[in-house]
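Please look over the sequence and the structure shown here before starting the exercises. Each exercise sets a task, and a worked solution follows it step by step.

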Amino acid sequence: MELRQLRYFVAVAEELHFRRAAERLFISTPTLSQQVRAIEREVGGPLLIRGNHGVELTAAGEVLLKTARTVLEAAEIAVRETRAVAQPGNVVFRLGVVNGAPSWLPGRIEALVKARQPGIRVALTTGTSGDQARLLDRGDVDLAVLRLPVGLADHFTCTPVADEELGIVMSRKNPLAAAVSVEAACIGEQELIMFARDAAPEVHDSVLAQLRERGASVVLSDSAMSHAQMLQLLPLRPQSIGVGSSRTASVPGLVWRPLHPRPLVITYAAAWRTATRNPLLHTMADALSGGLRLTSERSEGCPPV
């Protein structure tokens, strides 16, 4: 049985769905199904109960899932520790950072890493919250900075590390731009342009919920686009608004206004595998849990997802 096959099985066992697991692994569903059946032939019995709406683990499948996670973790550690001995000074800590995180945040984490292991290199990988969760799940990053809320499997530890205030971004010609802040109840029939929900469904829903809790009558636009695209469009749409940090005020034709009386806040978190044997992560855990939780300055970055 190959490590690749174990990774395939773990993905199906965690997703409980072949198509979703195949998308997570970037392979075809038939290929994934063939590999899982090959494992079942090798162990001599069914690991999954297949149904119209997904799969369930058999008792044997539960045993293999637990063991496979241990084996994959051990293999990752073996490669990392061997590389550290074979290539001193060339050890890499893989840090995943969600698009648009406050600019000071990855730098602070990198400083923590290098303070505990001088000479280590930190490799950054950016992407959406969903991208970071998938990278972490596949073991392609050691630590991921995500935007909360986000769905993670139970075998991950996730701790908040920073808060950021968001406000209303709009054209200078928008009637709401005349005030120093925006009353949520005054948003009225303004069209709210946001990113596609599929990119980060939990964050998308959280932003909408916070706006509505503050009394905003949200009219969600039929157009979904990236944060950068939204910033290009808003100067041309005086009756539309977006959500972002104060850095967006530097974009020509746009203004940023805080929500009144309660600000709109989003939280960033650091996540890693709970069962990791990476000693560096263990030494960083306390600092990540308590030493980074700072409210970022309004000038510190935008929140594209």
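The exercises below go from the whole chain to a cavity and then to single residues.

The model is predicted, so to say, by computation: local features need pLDDT of at least 70, side-chain atom pairs count only at pLDDT 80 or more, and totals for chains, interfaces and linings use all residues. Residues are numbered from 1 along each chain as its sequence is written, and side-chain values use heavy atoms, with hydrogens and water left out.**Exercise 1. Describe the protein as a whole, from its helices and strands to its exposed area.**

Start with the secondary structure, in which helices (H or I, at least four residues) and strands (E, at least two) are DSSP runs numbered from the N terminus. The protein has nine helices and 14 strands, and its C-alpha trace spans about 70 × 50 × 30 Å along the principal axes.

Next, turn to burial, where buried means under 20% relative accessible area, exposed means over 50%, and partly exposed lies in between (1.4 Å probe, protein chains only). Of the 305 residues in the protein, 49% are buried.

Then consider contacts, meaning heavy atoms within 4.5 Å. Among the contacts with a separation of 6 or more, 76% are between residues 24 or more positions apart.

Finally, take the accessible area, which comes from the Shrake-Rupley method with a 1.4 Å probe, only the protein chains shown counting as cover for residues. The protein exposes about 14,600 Å², and carbon and sulfur atoms supply 54% of it.

**Exercise 2. Find how many cavities of 30 Å³ or more there are, and state which residues line the second largest cavity.**

Begin with the general idea that rolling a probe the size of a water molecule over the atoms shows where empty space is left. Here a cavity is a set of points, on a 1 Å grid over the protein atoms alone, where a 1.4 Å probe fits but cannot get out, and its lining residues have an atom within 4 Å of a point. Grid points are joined across faces, edges and corners, and a volume is the space filled by probe spheres set on the points.

By this rule there are three cavities of 30 Å³ or more, and the second largest cavity holds about 80 Å³ of space.

Its lining consists of Glu 73, Glu 76, Arg 80, Leu 136, Gly 139, Val 141, Asp 142, Arg 273, Thr 276, Asn 278 and Leu 281. Helix α4 (residues 59–86) gives the largest share of this lining, three residues.

To sort the lining by kind, count Ala, Val, Leu, Ile, Met, Phe, Trp, Tyr, Cys and Pro as nonpolar, Asp, Glu, Lys and Arg as charged, and the others, Gly among them, as polar. The division is then three nonpolar, three polar and five charged residues.

**Exercise 3. Place Thr 58 and Leu 280, and decide for each whether the residue is buried or exposed.**

Thr 58 lies in the loop between β2 (54–57) and α4, and with 15% relative accessibility Thr 58 counts as buried. When neighbours within four places in sequence are left aside, Thr 58 is in contact with Pro 46, Leu 47, Leu 48 and Ile 49.

Leu 280 lies in helix α9 (residues 279–290) and counts as buried at 5% relative accessibility. Apart from neighbours within four places in sequence, Leu 280 is in contact with Phe 93, Val 113, Arg 116, Gln 117 and Ile 120.

**Exercise 4. Locate the cis peptide bonds before Pro 149 and Pro 261, and the positive phi angles of Leu 16 and Phe 26.**

As a background, most residues other than glycine have a negative phi, and most peptide bonds are trans.

The peptide bond from Leu 148 to Pro 149 is cis, with omega near -5 degrees, and Pro 149 is found in the loop between β5 (143–147) and β6 (156–171). Pro 149 counts as partly exposed at 36% relative accessibility and, with neighbours within four places in sequence left aside, is in contact with Glu 202, Val 203 and Ser 206.

The bond from His 260 to Pro 261 is also cis, with omega near 5 degrees, and Pro 261 lies in the loop between β12 (259–260) and β13 (264–273).

Turning to phi, Leu 16, although not a glycine, has a positive value of about 55 degrees; this residue lies in the loop between α1 (3–15) and α2 (18–25) and is partly exposed at 35% relative accessibility. Phe 26, also not a glycine, has a positive phi of about 60 degrees, is found in the loop between α2 and α3 (29–43), and is exposed, with a relative accessible area of 61%.

Notes: 1 Å grid on protein atoms, 1.4 Å probe; cavity = no way out; pocket = protein on both sides within 12 Å on 5 of 7 lines; lining within 4 Å.
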